[in-house]
Amino acid sequence: LDPGFRLFITALPHPEFPLGLLQMSTKVTNEPPAGLQAGILRSYTVLVDQDRLERVDGPMWRQLLFGLCFLHSIVQERRKFGSLGWCIPYEYNTGDITACILFLEKHLYNGPISWQTFQYMVADVQYGGKI
């Protein structure tokens with residue numbers, strides 16, 4: 001066995017999962033940051049780089065991008081209250097905000113933004129469909 005060998009396992013809790021394997025393993029988790037400011041900062045460091053900021057011309061792109069990161073951070077912070085006010089618990093992750101950013105980017109490339117379409121896709125389809 002090569003000493004550089006590493007095995008990464010992703011598993012849901014299950015009663016038949018070997019307890020010995022779990023106890024001798026190194027556990028790694030990826031928790032969302034605590035606080036609204038930390039959430040926005042994480043969105044900007046993980047998803048929004050300088051290339052993405054400069055892809056679309058005009059001030060509306062940066063403002064709407066910040067709005068999406070702000071919304072995602074609020075939703076992430078809201079999860080700590082549990083199911084209070086939510087119909088179904090859902091783990092919002094970077095895939096949700098990435099889909100919204102890609103939709104916004106493609107929508108702005110096609111000309112003036114349709115606010116009804118944008119609001120429907122973000123609020124109802126991406127985030128609201130899981131609340």
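## Exercises on a predicted model

The lining of the largest pocket holds 11 nonpolar, 6 polar and 3 charged residues. The model is predicted. Work through the exercises below with the structure in view.

**Exercise 1. Describe the largest pocket: how much space lies in it, and which residues lie nearest its centre?**

Step 1. Start with the volume. The largest pocket encloses about 830 Å³ of space.

Step 2. Turn to the lining. It is made up of 20 residues.

Step 3. Find the centre. I9, S25, T26, K27 and V28 are the lining residues nearest to it.

Step 4. Sort the lining by residue class. Nonpolar residues number 11, polar residues 6 and charged residues 3.

**Exercise 2. Set out the fold: how many helices and strands does the protein have?**

Step 1. Count the elements. There are 6 helices and 0 strands.

Step 2. Read along the sequence. The pattern is α-α-α-α-α-α.

Step 3. Check the contacts. Take those with a separation of 6 or more; residues 24 or more positions apart account for 62% of them.

Step 4. Look at burial. The protein has 131 residues, and 25% of them are buried.

Step 5. Look at the surface. About 9700 Å² is exposed, and carbon and sulfur atoms supply 61% of that area.

**Exercise 3. Trace the salt bridges: how many are there?**

Step 1. Recall the principle. Side chains of opposite charge can pair when their charged atoms come close.

Step 2. Apply the cut-off. A side-chain nitrogen of Lys or Arg must lie within 4 Å of a carboxyl oxygen of Asp or Glu. The count comes to 2 salt bridges.

Step 3. Take the pair R55 and D51. Their side chains meet at 3.4 Å, N to O, so the pair passes the 4 Å cut-off.

Step 4. Take the pair E105 and R55. Here the N to O distance is 3.3 Å, so this pair passes as well.

Step 5. Place the second pair in the fold. E105 sits in helix α5 (residues 94-109), while R55 is in the loop between α3 (50-53) and α4 (59-78). The pair therefore ties together parts that are 50 residues apart in sequence.

Step 6. Join the bridges. Shared partners link D51, R55 and E105 into one network.

**Exercise 4. Classify E105, R55 and D51: is each buried or partly exposed?**

Step 1. Use the cut-offs. Buried means under 20% relative accessible area, and exposed means over 50%.

Step 2. Take E105. Its relative accessible area is 7%, so E105 is buried.

Step 3. Take R55. At 32%, R55 is partly exposed.

Step 4. Take D51. At 47%, D51 is partly exposed.

Methods. Residues are numbered from 1 along each chain as its sequence is written. This is a predicted model: local features need pLDDT of at least 70, side-chain atom pairs count only at pLDDT 80 or more; totals for chains, interfaces and linings use all residues. Side-chain values use heavy atoms; hydrogens and water are left out. On a 1 Å grid over the protein atoms alone, a cavity is a set of points where a 1.4 Å probe fits but cannot get out, and a pocket is an open set with protein on both sides within 12 Å along at least five of seven lines; lining residues have an atom within 4 Å of a point. Grid points are joined across faces, edges and corners, and a volume is the space filled by probe spheres set on the points. Ala, Val, Leu, Ile, Met, Phe, Trp, Tyr, Cys and Pro count as nonpolar, Asp, Glu, Lys and Arg as charged, and the others, Gly among them, as polar. Buried means under 20% relative accessible area, exposed over 50%, partly exposed in between (1.4 Å probe, protein chains only). Helices (H or I, at least four residues) and strands (E, at least two) are DSSP runs, numbered from the N terminus. Contact means heavy atoms within 4.5 Å. Accessible areas come from the Shrake-Rupley method with a 1.4 Å probe; for residues, only the protein chains shown count as cover.
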